[in-house]
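Q: Hi, could you walk me through this model? I'd like to start with a pocket and then wander a bit.

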Amino acid sequence: MILKKLIKQCQNNNIEAQKQLYLLYADKFFGICLKYSSNHAQAQDNLQDAFITIFEKIKQFKHKGSFEGWMKRIVVNTALQKYKQQKVFELIAPNAIQDDHYIVEDLPKLELNELLALIQELPDRYRLVFNLYVLDGYSHAEIAECLSISDGTSKSNLSRARAILKTKVETLRQQKANKQA
């Protein structure tokens, strides 16, 4: 009930309500921005731009479905739009794709922060596709549409991201084993 009132006040351009809404969701959405950004500064810029868009479009929210989900979509789209402007995706032939499947059980046990740090180290194009597909559940068709790339490029980038992560995880596991020895 309080959230509905806060949304209504934001729809009426109440600055104090906008501040409260920002404080309520900024930390959660910063984590999302960080997933789709190269660094902290870019993530902060994306978060700021996303909230500007949220406040500009909040009158379009019709109280159907999740408000947080509606805002999250804006946050992700803002980060992706910024990234698309950089035009760093490589185009590949669809027949060059290897659809490798890695079994999660085979991965060494890592702390969540270690795994997230490894994901953050991926090249931007691979990190974006990996996050969208694995962490946020987008299909390759949706990723292709969001990033203006082909389905094949999405699949290839995911495959390459997984291969890089597998190597990084194995290296980290070896480093941990050496420390214990």
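A: Happy to, and let's begin with the second largest pocket, which holds about 150 Å³ of space. A pocket here is an open set of points on a 1 Å grid over the protein atoms alone, where a 1.4 Å probe fits, with protein on both sides within 12 Å along at least five of seven lines. Grid points are joined across faces, edges and corners, and the volume is the space filled by probe spheres set on the points. One caution early on: this is a predicted model, where local features need pLDDT of at least 70, side-chain atom pairs count only at pLDDT 80 or more, and totals for chains, interfaces and linings use all residues. Residues are numbered from 1 along each chain as its sequence is written, and side-chain values use heavy atoms, with hydrogens and water left out.

Q: Which residues line the second largest pocket?
A: The lining consists of Gly-31, Leu-34, Lys-35, Leu-116, Ala-117, Ile-119, Gln-120, Asn-131 and Leu-135. Lining residues are those with an atom within 4 Å of a point.

Q: And which helix gives the largest share of that lining?
A: H5 does, with 4 residues. Helix H2 (15-35), helix H5 (112-120) and helix H6 (124-135) each supply at least two. Helices are DSSP runs of H or I with at least four residues, strands are E runs of at least two, and both are numbered from the N terminus.

Q: How do the lining residues divide into nonpolar, polar and charged?
A: There are 5 nonpolar, 3 polar and 1 charged. In this scheme Ala, Val, Leu, Ile, Met, Phe, Trp, Tyr, Cys and Pro are nonpolar, Asp, Glu, Lys and Arg are charged, and the others, Gly among them, are polar.

Q: Let's zoom out. How many helices and strands does the protein chain have?
A: It has 8 helices and 0 strands. Buried residues make up 38% of its 181 residues, where buried means under 20% relative accessible area, exposed over 50% and partly exposed in between, with a 1.4 Å probe and protein chains only. As for contacts with a separation of 6 or more, 70% join residues 24 or more positions apart; a contact means heavy atoms within 4.5 Å.

Q: Where is the pLDDT highest and lowest among the elements?
A: Helix H3 (residues 40-57) has the highest mean, 94, and H5 the lowest, 83. That score is the predictor's confidence in each residue, from 0 to 100. Over residues 88-93 the pLDDT is below 50, and this stretch has 19 contacts in the model beyond near neighbours in sequence. Residues 99-108 are also below 50, with 8 such contacts. The chain averages 84, and 85% of the residues score at least 70.

Q: Back to H6: what covers its buried residues?
A: The cover includes H2, helix H4 (67-84), H5, helix H7 (140-147) and helix H8 (151-180). The buried residues themselves are Tyr-126, Arg-127, Leu-128, Val-129, Phe-130, Asn-131 and Leu-132. H6 has 12 residues and reaches 15 Å between its first and last C-alpha, close to the 16 Å expected; the expected span is 1.5 Å times one less than the number of residues.

Q: What about H8, what do its buried residues pack against?
A: They pack against H5, H6 and H7. Among them is Thr-153, which counts as buried because its relative accessibility is 1%. Thr-153 and Val-129 are 24 residues apart in sequence and 9.4 Å apart in space, C-alpha to C-alpha. Leu-172 is also buried, at 16%, and its C-alpha is 9.9 Å from that of Leu-115, 57 residues away in sequence.

Q: Is Ser-37 buried or exposed?
A: Buried, because its relative accessibility is 0%. Ser-37 sits in the loop between H2 and H3. Leaving out residues up to four places away in sequence, Ser-37 touches Gln-42, Ala-43, Asn-46, Gln-120 and Arg-127.

Q: Last one: which residues have a positive phi without being glycine?
A: Two examples are His-63, with phi near 60°, and Ser-148, at about 55°. Most residues other than glycine have a negative phi. His-63 is in the loop between H3 and H4 and is partly exposed at 37%. Ser-148 lies in the loop between H7 and H8, and its 56% makes it exposed.
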